[in-house]
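Me: I'd like to go through the packing here and ask what the labels rest on. Can you show me the model?
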Amino acid sequence: MKIRFAIIGCGYIGKRHALHIRQHPEAELVAAYDVVAAQTQALCADYGGKACASPEEFWAIPADLVCVCTPNGSHHEMSIAALQHHRPVLVEKPMSIKKEWCEAMLQTALRQGCPLFVVKQNRFNPPVQAVKQLLETHKLGAIYSVSLNCYWNRNAEYYRRSPWKGTLAQDGGTLFTQFSHFIDVLYYLLGDIEPLTGKTANVAHQSLIEFEDTGHFIFRLKQHPPALGTLHYTTAAYRQNMEGSITIFAENATIKIGGKYLNTIDYQCTAGFDIEGLPPSNAANAYGYYEGSMSNHDKIIENVIQTLKGREQIMTNAYDGLKVVEIIENFYKVAVP
């Protein structure tokens, strides 16, 4: 039996979900809804499903899971609505832009007995999985320090085409919209993080966004004392995305997962366990006038289907999604503007 998907939010990322639902032999799209009717019609014309004209019509259609692809600031209310209709949820990153909203989502999921999946597709990147395996088998030894660098470009057109982006109320900040994937991979690999100090600034987007476009932080790895880490990020890289990397300095190796999206091994010096023969990563999400993160939504949809059918475990659960939001909030709390 096919898993019946419904999508709420029919913009770029909603269409990405729809594409991989259509391509999966065990999935079908049964319904979609967006407050912009033209977007709903366009998505369903391309990928199938009922183009719903109202929330009431959307919730009336039987579905096995709802993909929440709305702006960040509405993830919690849309997810809670789906869960209250007894529908499992796959919510886009970030899970929300407030920890308390994530807690409400998690509590509703537990109360309703419904799975709550969070999109963190960079976990599936082959280099990330290879380093995760090294960490789980303790080959790296003691962790000494880590450096996370995120250098992307977001131009004026990016914000003009999606007016909610760049707003505190719906976007939340650069660490939520652009770089929550990278914070998630850091947490996935090395555990919880305690931000210690940092500074943020809006250096190139003053007329476009209500928050920072650049930040520098120092943090502590709670599970690897006394290891420290640094975070440097910006969306002011000239013309195009430049780098998204994590470099781990450990007792038995130094390894840099790099490329633009944590999709290559850029450097390694190990005690005889070099990472070799990795399968190629998927291409990045390309939207014409900008690039996003890795296009692993096919793997997300596969994990959802296999989990609902009892064959796999959730790759990124609600607790992980909540922890990433908590870490981002803590970065902003220690930031000096």
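Me: Which residues in H1 meet which residues in H2?
Reply: This is a predicted model. In it, Gly14, Lys15, Ala18, Leu19 and Arg22 of H1 meet Leu43, Asp46 and Tyr47 of H2. By class, that contact has four nonpolar, one polar and three charged residues.

Me: Why are H1 and H2 called roughly parallel to each other?
Reply: H1 (residues 12-23) and H2 (residues 37-47) pack at an angle of about 20 degrees, with their axes 10 Å apart. Angles under 35 degrees count as roughly parallel, therefore H1 and H2 get that label. The crossing of H1 and H2 is right-handed.

Me: On to the sheet. What makes E13 and E16 the edge strands?
Reply: Each pairs on one side only: E13 is 264-270 and E16 is 335-336. The order of this open sheet of eight strands is E13-E12-E11-E7-E10-E9-E8-E16, and the pairing is mixed.

Me: How do you know that E8 and E16 pair?
Reply: Two bridges join E8 (residues 193-201) to E16. At least two bridges are needed for strands to pair, so this counts. E8 and E16 run parallel, and Gly198 stands opposite Ala335 in E16.

Me: What packs on the sheet, and which strands does it touch?
Reply: Helix H9 (residues 180-190) packs there, touching E7, E8, E9, E10, E11 and E12. The direction of H9 makes about 165 degrees with that of E7. Over 145 degrees counts as roughly antiparallel, so H9 and E7 are roughly antiparallel.

Me: Which strands does H11 lie across?
Reply: H11 (residues 318-334) lies across E8, E9, E10 and E16, running at about 55 degrees to E8.

How values were computed
Residues are numbered from 1 along each chain as its sequence is written. This is a predicted model: local features need pLDDT of at least 70, side-chain atom pairs count only at pLDDT 80 or more; totals for chains, interfaces and linings use all residues. Side-chain values use heavy atoms; hydrogens and water are left out. Axes are lines fitted to C-alpha atoms, for helices over the stretch in contact, and angles run from 0 to 180 degrees between N-to-C directions. Helices (H or I, at least four residues) and strands (E, at least two) are DSSP runs, numbered from the N terminus. Angles under 35 degrees count as roughly parallel, over 145 as roughly antiparallel, 65 to 115 as roughly perpendicular and the rest as oblique. A crossing is left-handed if the near helix is turned anticlockwise from the far one by less than a right angle, and right-handed if clockwise. Contact means heavy atoms within 4.5 Å. Ala, Val, Leu, Ile, Met, Phe, Trp, Tyr, Cys and Pro count as nonpolar, Asp, Glu, Lys and Arg as charged, and the others, Gly among them, as polar.
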